[in-house]
Every structure is written in structure tokens, then in C-alpha cells.
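Okay, everyone, thanks for coming. I'd like to walk you through one protein today, so have a look at it while I talk.

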Amino acid sequence: MSRLSIGVMAAVLAISGSARADVQNWQDSLFSERSHDFGPVPRGGVVRHPFLLTNRLTVPITILNLRVSCGCTSGTASASVVAPGQSAIIEAQMDTRNFVGRKSTTLFVSLVAGNKETEIGLGVSSLILSDVVLNPGMVDFGLVSRGQVPSQAIAIDRIGKPDWRIVKITSASKALNATLQETRRQDGAVGYQLSVSLKPDAPAGVNARRDPPGHERPGDAEHPVPVGAQVRGELSATPASLALGNVASAAGCKAGSW
């Protein structure tokens with residue numbers, strides 16, 4: 001009896017210790033990254049970064065609230081409840097219009113899973129350039145049907161460096177076309193117009209890129225231009241899923257049959 005009692009007590013202590021560790025560390029595996037640096041960005045735009053939240057627990061996770069440490073930052077969540085094994089996007093957005101120089105802020109995400117609650121900070125930072133200005137700050141095509149070819153123009157101005165030139169434009173996305181035209185070079189200022197269009201074969205879904213409009217010479221810093229679009233496919237449903245909860249079967253029908 002003495003040996004049996006000791007064995008049982010040891011098992012109980014081991015289980016209790018494991019449960020405490022789970023309560024303490026359950027939030028550590030939710031995000032694959034907790035910070036992002038946009039690097040040098042022209043002043044005038046809103047830069048965005050998606051943080052991926054993956055539920056590796058056995059209970060749903062509820063996203064209660066998003067709050068920020070600075071008015072220049074905001075956030076959105078792609079879902080309010082994340083089922084076990086599913087993922088959601090927490091998008092952090094930084095507005096660069098009212099700041100210059102190094103800027104760091106935090107987006108706080110409040111979460112509940114079962115009887116456990118936590119708040120996780122997601123940090124974003126950037127170096128906002130004072131002498132390169134975009135107007136508007138990004139290309140946002142919004143919601144478009146697949147096959148449409150929307151276009152948008154952005155003015156790029158460089159102040160205080162009259163010999164500055166953009167010699168090349170590159171894109172990380174094959175779904176975009178871009179052209180560049182110099183519009184002025186006088187009084188110490190240089191201006192360009194960047195025209196961006198979406199190709200008709202752009203894939204359906206949310207497409208977001210931070211494409212550089214160009215650089216002065218090899219080795220010089222590139223200046224990214226955020227480009228976003230949500231391409232609607234031939235068949236879509238809103239919302240994508242519908243949760244009915246627990247539904248009682250009708251009289252005379254088998255549960256689970258229609």
C-alpha cells in the first residue's frame with residue numbers, strides 16, 4: 001500500500017506540473033513572428049504587414065481586442081474566432097504621413113482560449129524618409145473581378161537632391177505592370193510619375209506587395225511602394241463559411257441527413 005500511494009502521488013505531481021507549464025507557455029506558439037521592420041520607406045504611405053496566428057490548441061481562440069501604442073498604427077484581424085488547427089491574419093498598419101525618421105510602435109492583441117487570457121505585443125518599425133514623398137502613399141486597387149485591368153498613378157518627389165534619378169523599377173509580383181516617367185527637375189526638386197496596373201490573369205485572392213519603384217545606382221537604397229488588391233474569382237461566397245452551431249434534427253429525419 002505504501003509503494004502504491006507513492007506512485008500515485010508522483011503521477012499527480014507530474015501532471016500538475018505539466019498543466020502549469022501549458023498555462024504559462026500556450027501563447028508562445030501562436031505567432032511565427034512578433035516583430036517586423038519595414039526598413040526605409042518614403043513618407044506619405046501606409047505600410048502593412050500580416051502576422052500569422054495559428055491555433056495549435058484543442059480549444060478555439062477568441063480575438064477580443066486590438067490596441068496600439070501610437071496613433072500612427074492600426075490593426076485588423078481576419079477573424080474573431082480561430083478554431084483549433086486554423087489560422088488568422090493580424091495585419092499591422094503604419095501611417096507614415098505625419099512622422100519622419102525612425103519610428104517603432106506596438107500592436108497589442110488580446111486573446112482568450114478556454115479559461116486562459118493573454119495579451120501579445122506585435123512590434124513594427126520603419127525608417128521614414130523625409131526627402132522622398134509618395135502621393136498617394138500606396139496603390140490600392142481594392143476589390144476587383146478577375147480579368148479587370150485597373151490602373152493607378154503615384155507621384156514620387158525627391159527634394160534637395162537635383163541630380164537624383166530613378167533608373168530601374170522592379171516588382172516582386174508577376175501580376176503587375178509598371179511604367180515610370182520623369183515629370184519635373186527644377187528648383188532642387190525631382191518628380192516622377194509611377195503608373196501601376198493589374199494584369200488580367202492576376203490570381204484570385206488577396207494580393208499585397210511592397211514593390212520598389214527603383215534605385216539610383218547599384219548598391220543604393222531601394223524605396224518600396226505598397227501595392228494591394230483583392231481579386232474576386234469567378235465564383236465567390238461571403239462569408240466564406242457559415243457556422244450553424246448545434247442543430248436538432250427534424251422529426252422523422254435522421255441526424256446528419258438532408
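Let me start with two residues to find on the screen: Trp164 and Tyr192, which are both buried. Keep in mind that this is a predicted model. So what's going on between those two side chains? The ring centres of Trp164 and Tyr192 are 6.0 Å apart, and the ring planes meet at 85°, which is over the 60 degrees needed, so we call the pair edge-to-face. The structure holds one aromatic pair, and you're looking at it. Where do the partners sit? Trp164 is in the loop between β10 (151-159) and β11 (176-186), while Tyr192 belongs to strand β12 (residues 189-198), so the pair ties together parts that are 28 residues apart in sequence.

There's another ring to look at, this time with a charge. The charged end of Arg67 sits over the ring of Phe108, 4.2 Å from the ring's centre.

Okay, zoom out for a second. How many helices and strands does the protein have? One helix and 14 strands. The protein has 258 residues, and 35% of them count as buried. Now take the contacts between residues at least 6 apart in sequence: 64% of those join residues at least 24 apart. As for the outside, the protein exposes about 15300 Å², with carbon and sulfur atoms supplying 53% of that.

Now for the inside. In soluble globular proteins, nonpolar side chains tend to be buried together. Here, the largest nonpolar core has 24 residues, and the ones touching the most other members are Leu30, Phe31, Phe51, Ile90, Leu111 and Leu122. Which strands feed into this core? At least two residues each come from β1 (35-43), β2, β3, β6 (87-95), β7 (101-113) and β8 (116-135). Apart from that core lies another one, of 22 residues, with Val139, Ile166, Leu176 and Val190 among them.

Let's stay with Leu122 for a moment. If we skip residues up to four places away in sequence, Leu122 touches Phe31, Phe51 and Ile90, among others. The list isn't purely nonpolar, though: Glu33, Arg34, Thr105 and Thr106 are also included.

Next, a loop I like. Leu57 is found between β2 (46-54) and β3 (61-68). Is Leu57 buried or exposed? Its relative accessible area is 14%, and the cut-off for buried is under 20%, so Leu57 counts as buried. What does Leu57 touch, beyond residues up to four places away in sequence? Trp26, Pro84 and Ala113. Also, Leu57 and Gly85 are 28 residues apart in sequence, but 7.5 Å apart in space, C-alpha to C-alpha.

Now hop across to Pro84, in the loop between β5 (81-82) and β6. Pro84 is partly exposed, with a relative accessible area of 36%. Leaving aside neighbours within four places in sequence, Pro84 is in contact with Asn55, Leu57, Thr58, Val59 and Pro60. And look at Thr54 too: Pro84 and Thr54 are 30 residues apart along the chain, with their C-alpha atoms separated by 8.3 Å.

Last stop, the cysteines. How many disulfides does the structure hold? Zero. Take Cys70 and Cys72, for instance. Cys70 counts as buried at 15% relative accessibility, and Cys72 is buried too, with a relative accessible area of 6%.

That's my tour, thanks for listening!

Note on methods: Residues numbered from 1 in each chain as written. Predicted model: local features only at pLDDT ≥ 70, side-chain atom pairs only at ≥ 80, totals over all residues. Heavy atoms only, no water. Helix = DSSP H or I, 4+ residues; strand = E, 2+ residues; numbered from the N terminus. Buried < 20%, exposed > 50% of the residue type's maximum accessible area, 1.4 Å probe, protein only. Contact = heavy atoms within 4.5 Å. Disulfide = S-S within 2.5 Å. Phe/Tyr/Trp six-rings, centres within 6.5 Å; stacked < 30°, edge-to-face > 60°. Lys NZ or Arg CZ within 6 Å of the ring centre and 35° of its normal. Areas by Shrake-Rupley, 256 points an atom, 1.4 Å probe, with all protein chains shown as cover. Core = buried A, V, L, I, M, F, W, Y, C linked by side-chain atoms within 4.5 Å.
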